[in-house]
Amino acid sequence: KKRAPLPDDIRAAKGGAPLVSLTAYTTPMAEMMDEHCDFVLVGDSVGMVLHGLPSTLGVTMEMMIMHGQAVARGLKSAMMVVDMPFGSYEEGPQQAFRNAARLMSETGAGAVKLEGGVVMAETIAFLVSRGIPVMAHIGLTPQSVNTLGGYKVQGRGDDRDALIADARAVTEAGAFAVVLEKVPANLADAITADIAIPTIGIGAGAGCDGQILVVDDMLGLFTAFKAKFVKRYAHLGDDGAAAIANYAEEVRARTFPAQEHIFADEAPKK
Ligand code: KIV
Ligand code: NA
């Protein structure tokens, strides 16, 4: 890849090779995934996976900006998308624009993501018409956990039509892609076939136009709980805990530091 894709490149990937994305919150993680991902999301999941918050509701603009800046330093060939945190856009288009513009200008993000379908369509259109590319996020929208009654599968039964309406509304409003979180795979397939922009699935089956996972989940670094849709490709949390136990044991046994880690009185002769 020569340059980072632009939102229009992501949009144009509809129906082609699946788009690959992960979340990132720090420079080294961003560097690790840069060449493998089409876009990287600085998700508000940062509040739960790095800051120990009980949900994403306590995440602030300042947190998103600081992590966005860190991730930007680690990316060369992937596009960066930054989540708008809870409370930074729901009042209306103007509040959303003010905060989205801040996220873009202070982090260098290529786009923002916000949660909501039909109810956010007017806001999405307002941002897009004023120069801010928007990735939408529908289905399970974690910032609404308190009104959704938990982190449940969305779009089942009677809710199916409402989710299709959400997907159409964000497409119509000008979003360049839409995240579908925790929805039945056959509904995700139907939406993917129905709308003109790429669907990015998380817990939405293999038929979406792309996939995203929280990097700390897929690396096994975040272990407080595991959603069914998470596949752990590594177990870095377990590896880390074992390494720390080993270090503690060696310090107590005075076997660390060893000869190769210490300094003599005089520098060795060249
Ligand atoms: O915050 C996040 O990590 C997200 C992804 C799960 C889509 O919004
Ligand atoms: Na998010």
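**Figure 1. Ser 45 and the loop that follows strand S2.** In this predicted model, Ser 45 sits in the loop that links strand S2, residues 39-42, to helix H3, residues 46-49. Ser 45 also appears in a UniProt annotation, from an unreviewed entry, that carries the name "binding site" and covers Asp 44, Ser 45, Asp 83 and Lys 113. Although these residues span 70 positions in sequence, no two of their C-alpha atoms are more than 12.5 Å apart, so they gather at one spot.

**Figure 2. A further "binding site" annotation, with Asp 83 in a strand.** Under the name "binding site", UniProt, again in an unreviewed entry, lists Asp 44, Asp 83 and Glu 115. They cover a span of 72 residues in sequence, yet none of their C-alpha atoms lies more than 10.9 Å from another, so these residues too come together at one spot. As for where Asp 83 belongs in the fold, this residue is part of strand S3, which runs over residues 79-83.

**Figure 3. The surroundings of ligand 1.** The residues around ligand 1 are Thr 23, Leu 41, Gly 43, Asp 44, Ser 45, Asp 83, His 137, Val 179, Ile 202, Ile 212 and Val 214. Sorted by class, this shell is made up of 5 nonpolar, 4 polar and 2 charged residues. Among the residues of the shell are Asp 44, Ser 45 and Asp 83, which are also included in the UniProt "binding site" annotation of Figure 1.

**Figure 4. Helix H5 against helix H6.** Two packed helices are described by the angle between their axes and by the distance between those axes. For helix H5, residues 93-107, and helix H6, residues 121-129, the angle is about 45 degrees and the axes are 9 Å apart. The two helices are therefore oblique to each other, and H5 passes H6 in a right-handed crossing. On the side of H5 the contact is formed by Pro 93, Ala 96, Phe 97 and Ala 100, while H6 contributes Glu 122, Thr 123, Phe 126 and Leu 127. Divided by class, the residues of this contact are 6 nonpolar, 1 polar and 1 charged.

**Figure 5. Helix H6 against helix H8.** The axis of H6 and that of helix H8, residues 160-173, come within 8 Å of each other and cross at roughly 20 degrees. H6 and H8 are therefore roughly parallel to each other, and their crossing is right-handed. Here Ala 121, Ile 124, Ala 125 and Val 128 of H6 meet Ala 169, Val 170, Glu 172 and Ala 173 of H8. The contact of H6 with H8 comprises 7 nonpolar residues, no polar ones and 1 charged residue.

**Figure 6. Helix H8 against helix H9.** H8 and H9 pack with their axes 10 Å apart and at an angle of about 35 degrees, and the crossing that they make is right-handed. Arg 160, Leu 163, Ile 164 and Ala 167 form the H8 side of the contact, and Leu 187, Ile 191 and Asp 194 form the H9 side. By class, this contact holds 5 nonpolar, no polar and 2 charged residues.

**Figure 7. Backbone details at Lys 182 and at Pro 257.** Lys 182 lies in the loop between strand S6, residues 177-181, and helix H9, residues 185-194. The phi angle of Lys 182 is near 55 degrees, which is a positive value in a residue other than glycine. Elsewhere in the chain, Phe 256 and Pro 257 are joined by a cis peptide bond, with omega at about 0 degrees. Pro 257 belongs to the segment after helix H11, the helix that covers residues 236-252.

Terms used. Residues are numbered from 1 along each chain as its sequence is written. Chains are lettered from A and ligands numbered from 1 in the order in which they are written. This is a predicted model: local features need pLDDT of at least 70, side-chain atom pairs count only at pLDDT 80 or more; totals for chains, interfaces and linings use all residues. Axes are lines fitted to C-alpha atoms, for helices over the stretch in contact, and angles run from 0 to 180 degrees between N-to-C directions. Helices (H or I, at least four residues) and strands (E, at least two) are DSSP runs, numbered from the N terminus. Angles under 35 degrees count as roughly parallel, over 145 as roughly antiparallel, 65 to 115 as roughly perpendicular and the rest as oblique. A crossing is left-handed if the near helix is turned anticlockwise from the far one by less than a right angle, and right-handed if clockwise. Two residues are in contact if their C-beta atoms, placed from the backbone, lie within 7 Å. Ala, Val, Leu, Ile, Met, Phe, Trp, Tyr, Cys and Pro count as nonpolar, Asp, Glu, Lys and Arg as charged, and the others, Gly among them, as polar. A residue is near a molecule or strand if its C-beta atom, placed from the backbone, lies within 6 Å of it. UniProt positions are given in the numbering used here, feature names are shortened, and annotations may be inferred rather than shown by experiment.
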